[in-house]
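Visitor: I'm new here, and I keep hearing labels thrown around. Could you walk me through them and show me what backs them up?

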Amino acid sequence: MIQPRPKGQIAVSVGVLVLGMLVLAGGWDLSTGGGYAQVGPGVMPRIVGTVLLLLGAMLLREALTGGFHGVDEEAEVRIPMDWKAFAWITAGIFLYGFLVERAGFIIASTLLFAAVARSFASRRWLSNLLVGLALGAFIFAVFNYGLGLNLPAGVLGPVLP
Amino acid sequence: MDIWPQLLDGFTIALTLQNLMWALVGVTLGTAVGVLPGVGPAVTVALLLPITTKVDASGALIMFAGVYYGAMYGGSTTSILLNTPGESATIITALEGNQMARKGRAGPALATSAIGSFIAGTIATIGLTFLSPVVVELGLKFGPPEYFALMIVAFTTVSSVLGDSSLRGITSLFLGLAIGLVGIDNQTGQARFALGVPQLLDGIEVVTIAVGLFAVGETMYFASKMNQVQEKLEAISGSIWMKAEDWKRSWKPWIRGTLIGFPFGSIPAGGAEIPTFLSYAIEKKLAKNPEEFGHGAIEGVAGPEAANNASSTGAMVPLLTLGLPTSATAAIMLSAFQQYGLQPGPLLFETNSALVWGLIASFYVGNVMLLVLNLPMVGLWVKLLAIPKPQLYAGILVFATMGVYGMRQSPFDVFLLYAIGVAGFLMRRFGFPTAPVVVGMILGPLAEEQMRRALAISQGSPAIFVTHPISAGLLAVAVAVVLAPWLWRRFGPGSRPA
């Protein structure tokens with residue numbers, strides 16, 4: 001029995017429509033003419049935006065009439081979405097973005113490692129933190145001492161060679 | 001063009017100690033990421049892109065190419081032992097090879113795929129050697145309208161062939177084209193879609209897109225949807241060598257697979273899945289005992305693996321001779337060329353002939369290295385499969401964020417990476433192929449440039465695309481590729497009445 005209204009697919013189709021509108025709106029001020037080619041920087045955005053609108057409409061039609069072709073939405077819905085796992089990865093990457101320049105690359109990488117491992121249901125916090133620390137320190141050493149790049153040392157700066 | 005002296009020159013470059021080392025690093029890394037689930041050649045090459053500032057062009061490109069075809073070898077190991085295809089092109093190998101492994105014939109399965117890959121890779125490289133100059137001759141006659149039309153063909157084949165829905169494939173492609181628009185228009189210098197964010201003026205880096213879609217998105221998907229699924233790793237028991245009978249049953253499928261795979265790779269058709277499926281179907285038809293297929297027939301591993309490898313080498317033909325990438329990895333390699341200010345295409349064979357031929361020669365060398373790495377040393381790679389998933393994916397994300405952050409030392413890119421990861425997750429969840437995004441974002445700006453050049457020649461008249469016969473023909477092919485699946489569904493056998 002096919003779901004009559006697969007909500008996710010409808011949302012994705014609407015997302016494509018919105019994206020098309022954004023591309024059209026964002027490129028509206030760019031000139032379409034000029035130059036020998038008579039084709040300004042505004043032409044491609046108009047083409048891409050229009051086609052995205054068209055594609056979004058076609059996707060929406062598929063979603064509303066029995067779902068996307070070749071996708072077993074039933075089976076997809078049957079596997080429950082593990083939001084906690086998703087949240088752990090989100091937390092890990094955001095923390096990394098905030099901390100990489102404040103606390104430094106090694107600490108940010110350690111926390112990211114532990115958070116992602118946790119999202120895969122590993123609860124061995126201590127060993128994950130240690131492995132993350134070792135990996136972060138290894139990459140830091142290779143890049144900063146080996147290749148002469150500058151990953152931020154952060155708060156560990158004073159204790160690192 | 002005289003091939004032999006050029007190829008010999010190429011070998012003198014490929015066989016320098018330094019370039020041998022880059023090739024070895026490349027194929028070793030390639031095998032490793034091919035074996036590991038959750039990370040593939042596209043992400044790896046993307047993460048390695050920054051070394052283009054430190055290493056000379058031939059060394060870096062030899063390494064990137066090594067990662068690319070090395071991953072094809074490694075992918076089969078995972079498919080056979082774990083029944084999770086590491087690469088989409090090894091679905092068939094997973095089907096038949098895993099059955100062999102369950103019957104205690106993992107060794108011969110691994111051997112036939114490694115030797116088959118070697119034979120296919122080598123024959124395909126010979127094909128590349130002799131076909132490239134021919135395509136170059138042709139390419140030299142191409143002007144902007146022909147190039148534009150050719151890119152349109154590549155767009156349609158990449159998005160319709162990859163994935164099982166051409167509508168979703170084309171949507172992915174246009175998503176990539178939209179991403180490619182961000183930044184300064186290289187012809188007028190006007191900023192497009194930068195939203196006042198200075199980091200967006202340079203455009204969105206392909207590294208961020210590739211790593212976001214393929215590494216972060218995949219990790220999100222596996223963590224939240226697939227972690228419940230249990231996998232069973234088959235052990236390699238008994239000898240890994242093939243018996244006389246295995247050889248007898250394998251050699252013809254190797255050759256046939258190569259002959260199917262190479263043309264599919266070398267026309268800008270994209271995707272190694274189709275030739276592997278074709279090869280499997282042909283082997284099944286020709287087999288004396290077709291009932292064995294699905295239960296571990298060695299022909300069903302030998303043929304598709306050869307096809308897979310031959311097509312990945314074949315994909316180098318359009319990339320090198322015309323500058324047309326047909327896969328995500330090839331698209332990222334194209335941007336590696338661009339980092340050096342090089343544009344692959346017919347002119348590259350004249351201006352940088354040593355570099356191109358050195359790269360081609362390195363394929364011969366790399367395939368020999370891969371045979372050694374994947375046959376006697378296969379046990380080493382199997383150990384990689386023992387890394388527990390939580391730590392494996394955690395490590396992948398540490399490398400992914402490091403690569404994206406380290407590129408410009410900008411935390412902004414990390415948040416952008418997250419956003420693209422979410423997009424990748426959604427695409428995976430709703431069955432949108434991700435490779436067309438990468439091809440679209442790299443090829444989009446090039447196509448726009450060719451379009452505007454062509455229109456400059458014709459002083460704005462779009463008729464130029466249809467009055468030039470080659471360009472008109474190519475555009476007709478593109479239309480056919482888009483409409484074919486739709487027409488097939490509607491009017492072909494098994495169509496349901498609307």
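**Helices, chains and two serines**

Guide: Happy to, and keep in mind that this is a predicted model. Let's begin where two helices of chain B meet: Ala42(B), Val43(B), Ala46(B) and Leu47(B) of α3(B) touch Val206(B), Val207(B), Ala210(B), Val211(B), Phe214(B) and Ala215(B) of α9(B).

Visitor: What makes up that contact of α3(B) with α9(B), by class of residue?

Guide: It has 10 nonpolar residues, no polar ones and no charged ones. Alanine, valine, leucine and phenylalanine count as nonpolar. As for geometry, helix α3 (residues 41-48) of chain B and α9(B) have axes that come within 9 Å and cross at roughly 145 degrees. The crossing of these two, α3(B) and α9(B), is left-handed.

Visitor: And why is α9(B) called oblique to α19(B)?

Guide: Look at the angle. Helix α9 (residues 206-226) of chain B packs against helix α19 (residues 411-429) of chain B at about 60 degrees, and their axes lie 7 Å apart. Angles under 35 degrees count as roughly parallel, and 65 to 115 as roughly perpendicular. The angle here falls in neither range, so α9(B) is oblique to α19(B).

Visitor: Which residues make that contact, and which hand does the crossing have?

Guide: α9(B) passes α19(B) in a right-handed crossing. On the α9(B) side the contact includes Thr208(B), Val211(B) and Tyr221(B), and on the α19(B) side Asp413(B), Phe425(B) and Arg428(B) are among them. By class, the contact of α9(B) with α19(B) has 13 nonpolar, five polar and four charged residues.

Visitor: How do you know that Ser76(B) is buried?

Guide: Count its neighbours: Ser76(B) has 33 other C-beta atoms within 10 Å. The cut-off for buried is 20 or more, so Ser76(B) is buried. This serine sits in helix α4 (residues 57-82) of chain B. Setting aside residues up to four places away in sequence, Ser76(B) touches Thr90(B), Thr93(B), Gly97(B), Ser113(B) and Glu305(B).

Visitor: What makes Ser335(B) buried?

Guide: Ser335(B) has 20 other C-beta atoms within 10 Å. Since 20 or more is enough, Ser335(B) counts as buried. Its place is in helix α14 (residues 328-339) of chain B. Beyond its neighbours within four places in sequence, Ser335(B) is in contact with Val206(B) and Ile442(B). The C-alpha atoms of Ser335(B) and Glu205(B) are 9.8 Å apart, although 130 residues separate them along the chain.

Visitor: Let's switch to chain A. How many helices and strands are there in it?

Guide: Chain A has six helices and zero strands. Why is chain A said to be more spread out than a compact globule? Its radius of gyration is 24 Å, while the globule rule gives 15 Å for 161 residues; the value is well over the rule, so chain A is more spread out. Its C-alpha trace spans about 60 × 60 × 20 Å along the principal axes. Of its 161 residues, 37% count as buried.

Visitor: How many residues does each chain bring where A and B touch?

Guide: The contact takes 61 residues from chain A and 49 from chain B. On the chain B side, α18(B) gives the largest share, 12 residues. By class, that side of chain B has 25 nonpolar, 14 polar and 10 charged residues.

Terms used. Residues are numbered from 1 along each chain as its sequence is written. Chains are lettered from A and ligands numbered from 1 in the order in which they are written. This is a predicted model: local features need pLDDT of at least 70, side-chain atom pairs count only at pLDDT 80 or more; totals for chains, interfaces and linings use all residues. Axes are lines fitted to C-alpha atoms, for helices over the stretch in contact, and angles run from 0 to 180 degrees between N-to-C directions. Helices (H or I, at least four residues) and strands (E, at least two) are DSSP runs, numbered from the N terminus. Angles under 35 degrees count as roughly parallel, over 145 as roughly antiparallel, 65 to 115 as roughly perpendicular and the rest as oblique. A crossing is left-handed if the near helix is turned anticlockwise from the far one by less than a right angle, and right-handed if clockwise. Two residues are in contact if their C-beta atoms, placed from the backbone, lie within 7 Å. The radius of gyration is taken over C-alpha atoms; the globule rule is 2.2 Å times the number of residues to the power 0.38. A residue is buried if 20 or more other C-beta atoms lie within 10 Å of its own, exposed if 12 or fewer, and partly exposed in between; C-beta atoms are placed from the backbone.
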